[in-house]
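Biologist: Please take a close look at the second largest pocket and explain, step by step, which residues line this pocket.

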Amino acid sequence: MEYSNLRHRAADMRKSLFDQGYLDEQFYQLEELQDEVSPNFVEEVVTLFFRDSARLISNIEQTLIGASRVKNACTLCREYCDEKNLEGCLKLFHKLKREHAVLRQKLGSYFQLLRQVGPMEIATRPSM
């Protein structure tokens with residue numbers, strides 16, 4: 001009974017991540033690549049993403065604080081820079097960092113639950 005409950009919780013958590021916009025079509029594609037030879041493939045890819053993205057966010061933060069080269073980071077930041085709105089750039093960047101942290105925490109919880117449940121056939125789209 002406990003195993004069934006964990007599987008249900010994992011499915012609910014996964015659906016919630018999609019419903020909240022934290023996951024998209026690319027996540028489905030990653031799940032389709034996961035198999036019994038590499039049962040933790042998706043978690044490994046996400047771990048690499050967070051390692052690399054944390055480094056990139058740190059680099060962007062250093063650039064934001066030290067120079068106006070952040071214009072190349074994204075369209076909205078470019079607009080703020082054109083307006084010489086450093087406060088707007090920093091506010092947007094801090095929001096990006098918060099969203100990154102929330103996503104990391106949510107996916108960390110999801111993968112922790114999946115490790116308890118074991119391999120699942122989940123590379124199917126949930127019914128909306």
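Modeller: A residue is called buried when its relative accessible area is under 20%, exposed when it is over 50%, and partly exposed in between, with a 1.4 Å probe and protein chains only; by that rule, 27% of the 128 residues of the chain count as buried. The model is predicted, so local features need pLDDT of at least 70 and side-chain atom pairs pLDDT 80 or more, while totals for chains, interfaces and linings use all residues. Residues are numbered from 1 along each chain as its sequence is written, and side-chain values use heavy atoms, without hydrogens and water.

The chain has 5 helices and 0 strands, running α-α-α-α-α from the N terminus (DSSP runs, H or I of at least four residues for helices, E of at least two for strands).

A pocket is an open set of points on a 1 Å grid where a 1.4 Å probe fits, with protein on both sides within 12 Å along at least five of seven lines, and its lining residues have an atom within 4 Å of a point. The second largest pocket has a volume (the space filled by probe spheres set on the points) of about 240 Å³, and its lining consists of Y22, L23, D24, Q26, F27, L30, V45, V46, F49, F50, L103 and L107. Two or more of these residues come from each of helix 2 (25-33), helix 3 (41-66) and helix 5 (86-117), and helix 3 gives the largest share, 4 residues. By type, the lining divides into 10 nonpolar residues, 1 polar and 1 charged, where Ala, Val, Leu, Ile, Met, Phe, Trp, Tyr, Cys and Pro count as nonpolar, Asp, Glu, Lys and Arg as charged, and the others as polar.
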